[in-house]
Amino acid sequence: RRPTTTRARKRPALSRQGSTASGPSSPSAAAKRGSAPAPATAANASSAANDIDTGEESLAVTPEDAEAALAAALGDGWAAVSGAEGMESKKWQERKGALEALRSFVTGEAASAAALTPSLVVYVSGKTRGFKESNFNVMREVLALFAAAFGKVAEEAEGADVVSQLGGLRSAAAPVLKAATDKLNDRKLAENCRALLSAAAEVLGLRFVALKSLKSLKDAKAPLLRIAILDFLREGVESFGVGALGSSLATVAQNGVIEAAHSNAKVRTAGLALVGAAYVQVGSPLRTLILAPTVAYPSAVSASTRSSVESHLGGLTPAPIFQPTKTVKVAEVGAAAGGGGGGAGGAIP
């Protein structure tokens, strides 16, 4: 009697992006391989809604360099911040106190926040598991520290040339902005997260911060987080104005349309509110950017979704004059922030 054997069926080989070896790659897979995003036309499935690359370089500060820079800046005060009763302590109260000391120093007259922020990011990230601190008291102080740092940078810009340091600041800001955006739906931290993101927008530009937020939006699983991110984007548009988004206006607005097709009703409402906030400032030209037949969307965005967006906009009246309540305080930052993140059609005049 022969032993029973089983024969495994051969499966087609998969590429790294998940398609069969002989099958075509998806547009998103091509984007991951570094190909340039295509224009938003019906002939090509790529949309300006996917164009959220901010183009900053990796932060070129080592942990050793960061500690050396902070030690030189704080002098005798560094030992208390970095020691066993400071950031190395197992007691959250002492770690929180060390962060408060750092905030007090950074906002003081002796410190250059623009120069120290990259070192602060590297150092604090290393002491909080990459900004994934579990104690909300400590994490709240982390957010407050960087909100204060960006606020101080804005003050420094009035009397010095901070523009030359924007590249390093954008690279430094990236992990901090992600941490703040990812916790926007945390009721204990939401207010601090919004304060940090708003302060960063005044230095780095709303466009840069918005595109970073859209990256988190694409990864967000919880509807409450998606709603919180959309609400922040809407508040940014209402405070800074669509002009602060520059050529990424289409990117932001089209992502609002995509979220208006979400299965969760509250997410859909937040997506429509974001599109509406831009529409009241721009008027009918925005329809061309987000509703024209030439604008390609994922298959999830149906004709009925576009119809609901059109209906929502029909109930709004564009404002003849818009006065922003917040402005970018660092000269030329609007042009410099986040190169490569343009949207279909460019900025609306």
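**Helix 2 and the pairing of helices 9 and 10**

Helix 2 comprises 12 residues, 63-74, which at 1.5 Å a residue should span 16 Å; its end C-alpha atoms lie 16 Å apart, in agreement with that expectation. The model under discussion is predicted.

Three residues of helix 2, Ala66, Leu70 and Leu74, are buried. Viewed down the axis of helix 2, the buried residues fall within an arc of 50°, and therefore they line one face of the helix. The general geometry of such a pattern is well defined: an α-helix has 3.6 residues a turn, so residues three or four places apart point the same way. On the other side of helix 2, Glu64 and Ala72 are exposed.

The buried residues of helix 2 pack against three elements: helix 3 (78-82), helix 4 (92-106) and helix 5 (113-127). Just after helix 2, Gly75 adopts a positive phi of about 60°.

Attention now turns to another pair of helices. The axes of helix 9 (residues 206-219) and helix 10 (residues 223-240) come within 10 Å and cross at roughly 165°. Because angles over 145 degrees count as roughly antiparallel, helix 9 is roughly antiparallel to helix 10. The crossing of these two helices, 9 and 10, is left-handed.

Side by side, the two helices contribute the following residues to their contact. From helix 9 come Leu206, Val209, Ala210, Ser213, Leu214, Ser216 and Leu217. These meet Arg226, Ile229, Leu230, Phe232, Leu233, Gly236, Val237 and Phe240 in helix 10.

Technical notes:
Residues are numbered from 1 along each chain as its sequence is written. This is a predicted model: local features need pLDDT of at least 70, side-chain atom pairs count only at pLDDT 80 or more; totals for chains, interfaces and linings use all residues. Side-chain values use heavy atoms; hydrogens and water are left out. Helices (H or I, at least four residues) and strands (E, at least two) are DSSP runs, numbered from the N terminus. The expected span of a helix is 1.5 Å times one less than its number of residues. Buried means under 20% relative accessible area, exposed over 50%, partly exposed in between (1.4 Å probe, protein chains only). The arc is that of the directions from the helix axis to the C-beta atoms. Contact means heavy atoms within 4.5 Å. Axes are lines fitted to C-alpha atoms, for helices over the stretch in contact, and angles run from 0 to 180 degrees between N-to-C directions. Angles under 35 degrees count as roughly parallel, over 145 as roughly antiparallel, 65 to 115 as roughly perpendicular and the rest as oblique. A crossing is left-handed if the near helix is turned anticlockwise from the far one by less than a right angle, and right-handed if clockwise.
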